[in-house]
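Here are my quick notes on this one, jotted down as numbered points. Have the viewer open while you go through them.

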Amino acid sequence: MVRQLEAVIFDLDGVITDSAHFHYLAWKQLAADIDIEIDEAFNETLKGISRMDSLDLILAKDGRENDFTLEQKEELAAKKNAHYVELLKDLSPADILPGIKPLLDAIRAANLKIALASVSKNAPMVLAALDLTDSFDYLADAAKITHSKPDPEIFLVAAAGLGVEPANAVGIEDAQAGVDAIKSAGMKAVGVGTGLVGTDELVSDTSKLTLAMIQKVFQI
Ligand code: G6P
Ligand code: MG
């Protein structure tokens, strides 16, 4: 079968808006509460990773993985989330990263489909605050995902939800785990940021993302 570009599948945090930074601040505070220090470099390993898996990585960093019961871990994760949600309270369309709204509009105008592949359970709320819900044809439900990125599951669910073959989609990601997930899903990958490996195209920031570039990447 001839491959044809049918869909673009977006990560949320760090691609649509800079909520990745708020995840970092909330985890940094939570970690400090239990005497663990994390920095931005360590935070890179948390991007694209589910809430509970992120907590496990933070605890394992200092060999603390057996210090808490499951119930205590759930309390810690809930505390991090409460702080994260508080940091998002003023989120508005002004917080959409540069170039993203025109890109979404151009993809829609070209009759291509658009899905979200974020493992964040806050994703629907974040999109609503940005007034972008209607720009997406399908939101993969993080609550139903068994494996975080780098597993391809969320990207495969997003493609299936749109009714397109993974090979006919391009994924956009700012995290290494996300790029690995896109590639494992059998899609072309556009990376945003620096230091990402294995992308089909890497841009320094979202203002460099265009439909023409995505179409070119698809043909690689
Ligand atoms: C995304 C972010 C992660 C975050 C995860 C879960 O993958 O990149 O930093 O931990 O979503 O988010 P949630 O809002 O459900 O805690
Ligand atoms: Mg991200």
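1. The domain assignment splits the protein into domain 1 (7-17 + 95-219) and domain 2 (19-90). Keep in mind that this is a predicted model. The domain 1 range comes in two pieces, 7-17 and 95-219.

2. How far apart are the C-alpha centres of domain 1 and domain 2? They lie 24 Å apart. As for the interface, 15 residues of domain 1 are in contact with 14 residues of domain 2.

3. Now the ligand. Ligand 1 sits in the largest pocket, and both domains help to surround it: domain 1 (7-17 + 95-219) and domain 2 (19-90) each give at least three residues to the shell.

4. Who is in that shell? Around ligand 1 you'll find Asp13, His23, Leu46, Lys47, Gly48, Ile49, Arg51, Ser54, Val119, Ser120, Lys121 and Asn122. Sorted by class, that makes 3 nonpolar, 5 polar and 4 charged residues.

5. For the polar contacts, have a look at three distances. An oxygen atom of ligand 1 is 2.6 Å from a side-chain N or O atom of Ser120. Arg51 places a polar side-chain atom 2.7 Å from an oxygen atom of the ligand. With Gly48 the backbone does the job: one of its N or O atoms lies 2.9 Å from a ligand oxygen.

6. What percentage of the accessible area of ligand 1 does the protein cover? On its own, ligand 1 has 390 Å² of accessible area, and the protein covers 96% of that.

Technical notes
Residues are numbered from 1 along each chain as its sequence is written. Chains are lettered from A and ligands numbered from 1 in the order in which they are written. This is a predicted model: local features need pLDDT of at least 70, side-chain atom pairs count only at pLDDT 80 or more; totals for chains, interfaces and linings use all residues. Side-chain values use heavy atoms; hydrogens and water are left out. A residue is near a molecule or strand if one of its heavy atoms lies within 4 Å of it. A polar contact is a pair of N or O atoms within 3.5 Å; within protein, one must be able to donate a hydrogen and the other to accept it, and residues adjacent in sequence count only if both atoms are side-chain atoms. Accessible areas come from the Shrake-Rupley method with a 1.4 Å probe; for residues, only the protein chains shown count as cover. On a 1 Å grid over the protein atoms alone, a cavity is a set of points where a 1.4 Å probe fits but cannot get out, and a pocket is an open set with protein on both sides within 12 Å along at least five of seven lines; lining residues have an atom within 4 Å of a point. A molecule sits in a cavity or pocket if more than half of its atoms lie within 2 Å of its grid points. Ala, Val, Leu, Ile, Met, Phe, Trp, Tyr, Cys and Pro count as nonpolar, Asp, Glu, Lys and Arg as charged, and the others, Gly among them, as polar. Domain bounds come from an automatic or database domain assignment. Contact means heavy atoms within 4.5 Å.
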